[in-house]
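Here are my notes on the model you sent, set out as numbered points so that each can be checked against the coordinates. Please read them with the structure open beside you.

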Amino acid sequence: MTRSVWLKADDAVGDWETRKRRITAGLEAGVDWVLVDDEDVARVRELGSVNVAAFSTDDSDVIEEADGEDAAEPDAYVVGKDGEGDGTVDLPEDFSGSADLSAIRRGNADAAYVHILDERYEAFAEEAAQDAEHTVVVGEDWTIIPLENLIARIGEETTLVAGVESSKEAETAFETLDIGADAVLLDSDDPDEIRRTVEARDAAERERLDLSWATVTGVEEAGSADRVCVDTGSLMDDDEGMLVGSMSRGLFFVHAETAESPYVASRPFRVNAGAVHAYVRTPDGGTKYLAEVSSGDEVQVLDTDGHTRTAVVGRAKIEKRPMFRVEVETEDGDRIETLLQNAETIKVSTRDGRTAVTDLEAGDDVLVYLEEGGRHFGESIEERIIEK
């Protein structure tokens, strides 16, 4: 599921200058959609690149700009404002007579906007979701229960967008029933709150990996090899790194070079990942050979608790360096290994914390990620593959 953040910026927010400041903050933070009134669509297009949803009006299907030229159309028309969806017009006893639903079914609108005023409006949102590409639900005096009901009842036929007023509410919406809403509609002017909501979206998207301990059985010099430093466009924290290794069934957690030393400055954007033949894990759950990694590629960054995120590669730096072969044994008795540069700046995660590969000894426990099956062009497959 791909999560998204919508930002509410219609005339209920204030005058155009107020709306413009909110929209600009949203563009800078990285929101996915902006919800505006139809007369603002062209203005939003001029501010930057973003998906635009617009509340539709009864008097015009195409917006005319002051100079008489047709304005840009939105990516989605939304019905419900000043209509049945927000309670301005009473809901019909029989939903088949709904003007809002008829507009969606005729193809004049792509999305429904519904204030959940009571159980009838909850049912109305559920009915709208059968045909609407997006179903936006905004609570009045409720928090969780109606959203839980809609998540449970609405399938993949619509994008469920939950109205929120803070990043904390966004986190809750993304986590409700473990499935969560597909998107949130944020109603806030605070640039920091907008940014935190985008961060909540990103956190909800991230994979969580279960890391394991494996015991070092040997560390030995392995001569020289072509070593790859993966330099990303992101700064990494002390507890972050990448998963790399010679065998697809077991990858080693290798820390980013965030530590200062008397001999070399820290490189918090870098992971000294090993020899060219080794794998590095990618955000889609696949792997790439380190030799294939290049500028513009995406790699997976994670912390020692298994929380992952995506980083863009700025460059891959390949140089011949002396190497260690590190071998470990898992709790199941399997043995996996990798080649890492023989240098004090390359660190793995042990029970004692970050430990230089030069200080590793037999009996130490290191963090690894274990996965069954083999790899074919980076994709996991259920096939008997022997790696040794």
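1. Ala311 lies in strand β16, which covers residues 308-329, and in this predicted model the residue counts as buried because its relative accessibility is 1%, where the cut-off for buried is under 20%. Leaving aside neighbours within four places in sequence, Ala311 is in contact with Thr232, Ser234, Asp297, Glu298, Val299 and Val301. One of these partners, Ser234, is 77 residues away from Ala311 in sequence, yet the two C-alpha atoms are 6.1 Å apart in space.

2. As for the protein as a whole, the model has seven helices and 22 strands, and the C-alpha trace spans about 75 × 45 × 35 Å along its principal axes. Buried residues make up 49% of the 388 residues. Among contacts with a separation of 6 or more, 61% are between residues 24 or more positions apart, a group to which the pair Ala311 and Ser234, at 77 residues apart, would belong by its separation.

3. How do the strands of the barrel follow one another, and is their pairing parallel or antiparallel? Eight strands close into the barrel in the order β1-β2-β3-β4-β5-β6-β7-β8, and the pairing is parallel. Neighbouring strands of this sheet are turned against each other by 25° on average, with direction ignored. In general, the strands of a sheet pair through backbone hydrogen bonds, in either a parallel or an antiparallel arrangement.

4. Two of the strand pairs can be followed in detail. Strand β1 (residues 4-8) and strand β2 (residues 33-37) run parallel and are joined by three bridges, with Lys8 standing opposite Leu35 in β2. Strands β5 and β6 also pair in the parallel sense, over six bridges, and here His115 has Val138 in β6 as its bridge partner. Because five of the six residues of β6 are buried, this strand is largely enclosed by the rest of the structure.

5. Two helices that pack on the sheet deserve a look, beginning beside the β1 and β2 pair, which is held by three bridges. Helix α1 (residues 16-29) packs on the sheet and touches β1, β2 and β8 (183-186), its direction making about 165° with that of β1. Helix α5 (residues 145-153) likewise packs on the sheet, touching β5 (111-116), β6 (134-139) and β7 (159-164), and its direction makes about 175° with that of β7.

6. Helix α5 also meets helix α4 (residues 119-128), the two axes coming within 11 Å and crossing at roughly 30°. Since angles under 35 degrees count as roughly parallel, α4 is therefore roughly parallel to α5, and the crossing of the two helices is right-handed. The contact is made by Glu122, Ala125 and Glu126 of α4 together with Pro146, Asn149, Leu150 and Arg153 of α5. By class, these residues of the contact of α4 with α5 are three nonpolar, one polar and three charged.

7. Helix α1 packs against helix α7 (residues 191-205) at an angle of about 35°, with the axes 9 Å apart, and α1 passes α7 in a right-handed crossing. On the side of α1 the contact is made by Arg22, Ala25, Gly26 and Ala29, and on the side of α7 by Pro191, Ile194, Arg195 and Val198. The residues of this contact of α1 with α7 divide into five nonpolar, one polar and two charged.

8. Finally, two aspartates in loops may be worth checking. Is Asp38, placed in the loop between β2 and α2 (41-47), buried or exposed? At 7% relative accessibility, Asp38 counts as buried; its C-alpha atom is separated by 50 Å from that of Glu371, which is 333 residues away along the chain. Asp82, by contrast, is exposed, with a relative accessible area of 55%, and its place is in the loop between β4 (76-79) and α3 (99-105). Please also look at the backbone of Asp82, which has a positive phi of about 55° although this residue is not a glycine.

Terms used. Residues numbered from 1 in each chain as written. Predicted model: local features only at pLDDT ≥ 70, side-chain atom pairs only at ≥ 80, totals over all residues. Heavy atoms only, no water. Pairing = 2+ DSSP bridges. Helix = DSSP H or I, 4+ residues; strand = E, 2+ residues; numbered from the N terminus. Axes fitted to C-alpha atoms, helices over the stretch in contact; angles between N-to-C directions. Contact = heavy atoms within 4.5 Å. Parallel < 35°, antiparallel > 145°, perpendicular 65-115°, else oblique. Left-handed = near helix turned anticlockwise from the far one by under 90°. Nonpolar A, V, L, I, M, F, W, Y, C, P; charged D, E, K, R; others polar. Buried < 20%, exposed > 50% of the residue type's maximum accessible area, 1.4 Å probe, protein only.
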